[in-house]
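Welcome! Here is a friendly briefing to read alongside the sequence and the 3D view.

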Amino acid sequence: MTFDAARWQARFDELRAAHHVPGACLAVLSGGDLHELASGVLHRGTGVEVTTDSLFLSGSIAKVYTATLVMQLVDAGLLDLDATVVSVLPEFATPDPEATRAITVRQLLSHTGGLTCDFTFDSGRGDDCLATYVKAAGQVALDCPPGTALSYSSLGYVVLGRIVEVLTGQTWDQALKDRLLTPLGLGHSVTLPEEALRFQVAMSHLGDPGQDPDPAPAWDLMPRSAGPYGRVIISAGDLARFAQMHLAGGRGVLSADAVAAMRRREVDSPDKWTVSADGWGLGWTLYDWNGVSGYGHDGAAIGQYSYLRVVPHAGVAVALLTNGGDARRLYGELFRELLDELAGVRMPEPFGPAAEPPVVDMSRLVGDYRREGVVVTVAQDDDGARIRYAFVDGMKDFSPPLEMDLVPVSETVFAATGGGSSFSEEHVPVVFSTLTDGTDCVYIGMRATPKSAPISG
């Protein structure tokens, strides 16, 4: 189907304004052609308009770029996916020596290595920042034993970035530039703030849902070591061109076998709602839209939100970059319409409880759950079920504890409400599961938090 740019521009403008998103870029690959649209402003304080070559912080979409670099090393025979991490990176460690010896490269790529996500550590601006981060992370507790569950891990991607550095002799930033960005002609993609200043760059905006947000106090609060998991600064067009390379079988920078391996399901996702994940491949989030397969990734970076969806059978890729506001609602409505028209995809309705929720026995679920930086307490009384999400350890000053009501969606899936805009604009998916070693856990934000003890009294 021919892409009607004028009609979609009008719809893009309408939805962006309705959802209080200051500015956004959209890139659509369809029928072999790339269409780029821009809407709104880069900064509400200056009023500078977004253009199609504006750059945004893409957040966790950076993980797919790092995964692509790792697969290049596999292609070159420099790395085995099933090699243990310590065989490549002897300084890698966790508090569990047995787990340290067992964790593989494949597990890090698929978020099944057990490493946690929210270890925030500023290791400086030097070229040794990844090495320093990996050393500091050696004392951070695992979310779960390796190979027992999917638990989303940014820490694991810093380790992968360090593997790239050791095997290439370059910094992660330089390796990405030389091995991926330059060969693909992605001239509007960078990793460092000082590089981004050559372009028009979107400012982050923060605020309550349903209102126009204000510019954030700082553009980017992430340390340099966040690069492999959270900082590729890109235009929507360049993100779509990166996806086009994967659709086209690698285009000289990656083998067709590696491209196929990245989108092959490694693990199912117990939480199918937080980022619409049905499963995970090697870097890619995998989707099943009523029998139609796709892949992509989401990203968030202090008020900037990004979305990429790829539908292989239709040769369609859609990339959206935003700088604040109710971005997920913009994504949901816009992508639902675009993917339906261009690829016959029926995306699921937004997550939330039914009008008449089922009655669920919560007794087996109540208790305390703990991972690095977070304690989750599930309780039930005559007024219903509640969850308390408390930040501890290095995260203790991140936010006051969040108290939310739990509304059943199924026997193991609940919608949390009342967390406030700092946690989620929609119902928060809370998913109870059991690890393969028999440990009960709860998923919030795709992170597995193991059950530690029942509530006393």
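The points below go through cores, sheets, helix packing, a hairpin and a few single residues.

This is a predicted model. Its largest nonpolar core has 86 residues, and a second, separate core has 28 residues. An open antiparallel sheet of eight strands and an open antiparallel sheet of three strands are both described here.

**Nonpolar cores**

- In the core of 86 residues, those with the most contacts inside it are Y65, M71, L109, V159, L239 and F242.
- Helix α2, residues 62-75, gives the most to this core, contributing eight residues.
- M71 touches L81, L109, L254, A258, A261, M262 and L282, leaving aside residues up to four places away in sequence.
- The second core, separate from the one above, has 28 residues and includes L15, Y287, Y307 and V316.

**The eight-stranded sheet**

- The strand order is β2-β1-β13-β12-β11-β10-β9-β8, the sheet is open, and the pairing is antiparallel.
- β2 (33-40) and β8 stand at the edges with a single partner strand each, so one side of each has no neighbour in the sheet.
- Inside this order, strand β10 (residues 285-289) pairs with β11 over five bridges in the antiparallel sense.
- L286 stands opposite Y295 in β11.

**The three-stranded sheet**

- Here the order is β3-β7-β4, again in an open sheet with antiparallel pairing.
- The edges are β3 (56-57) and β4 (189-190); each has a single partner strand, so one side of each is left without a neighbour in the sheet.
- Two bridges link β4 with strand β7, residues 233-234, in the antiparallel sense.
- V190 has I233 in β7 as its bridge partner.

**Helix α1 and what it packs on**

- Helix α1 (residues 5-18) packs against helix α13 (residues 327-343) at an angle of about 160 degrees, and their axes are 9 Å apart.
- An angle over 145 degrees counts as roughly antiparallel, and α1 and α13 are therefore roughly antiparallel to each other.
- The crossing of α1 past α13 is right-handed.
- On the α1 side, R7, W8, R11, F12, L15 and R16 take part, and they meet L330, E333, L334, E337, L338 and E341 in α13.
- L15, in this set of α1 residues, is also included in the core of 28 residues.
- α1 also lies across β1 (23-30), β2 and β13 (316-322), and runs at about 35 degrees to β2.

**The β14-β15 hairpin**

- Strand β14 (residues 367-371) and strand β15 (residues 374-381) run antiparallel and are joined by five bridges.
- The two strands form a hairpin with two residues between them, and G373 in the turn has a positive phi of about 90 degrees.
- One face of β14, made of G367, Y369 and R371, is covered, whereas D368 and R370 are on the uncovered face.
- Y369 stands opposite V376 in β15.

**K451, a residue that meets β14**

- K451 is placed in strand β21, residues 447-453.
- Buried or exposed, or in between: where does K451 fall? With a relative accessible area of 24%, K451 is partly exposed, as buried means under 20%.
- K451 and Y369 are 82 residues apart in sequence, yet their C-alpha atoms are 4.0 Å apart in space.
- K451 touches R364, L365, V366, G367, D368, Y369, T439, D440 and C441, not counting residues up to four places away in sequence.

**Positive phi outside glycine**

- Most residues other than glycine have a negative phi.
- S276 has a positive phi, near 60 degrees, and is a residue other than glycine; S276 lies in the loop between β8 (267-268) and β9 (279-280).
- I302 is not a glycine either, and its phi is positive at about 50 degrees.
- Where is I302 placed? I302 is in the loop between β11 (292-300) and β12 (305-311).
- I302 counts as partly exposed, at 34% relative accessibility.

**G384 and its distance to L406**

- G384 is in strand β16, residues 384-391, and is partly exposed with a relative accessible area of 25%.
- G384 and L406 are 22 residues apart along the chain, and 7.7 Å separates their C-alpha atoms.

Terms used: Residues are numbered from 1 along each chain as its sequence is written. This is a predicted model: local features need pLDDT of at least 70, side-chain atom pairs count only at pLDDT 80 or more; totals for chains, interfaces and linings use all residues. Side-chain values use heavy atoms; hydrogens and water are left out. A nonpolar core is a set of buried Ala, Val, Leu, Ile, Met, Phe, Trp, Tyr and Cys residues joined through side-chain atoms within 4.5 Å. Buried means under 20% relative accessible area, exposed over 50%, partly exposed in between (1.4 Å probe, protein chains only). Helices (H or I, at least four residues) and strands (E, at least two) are DSSP runs, numbered from the N terminus. Contact means heavy atoms within 4.5 Å. Two strands pair if DSSP finds at least two bridges between them. Axes are lines fitted to C-alpha atoms, for helices over the stretch in contact, and angles run from 0 to 180 degrees between N-to-C directions. Angles under 35 degrees count as roughly parallel, over 145 as roughly antiparallel, 65 to 115 as roughly perpendicular and the rest as oblique. A crossing is left-handed if the near helix is turned anticlockwise from the far one by less than a right angle, and right-handed if clockwise.
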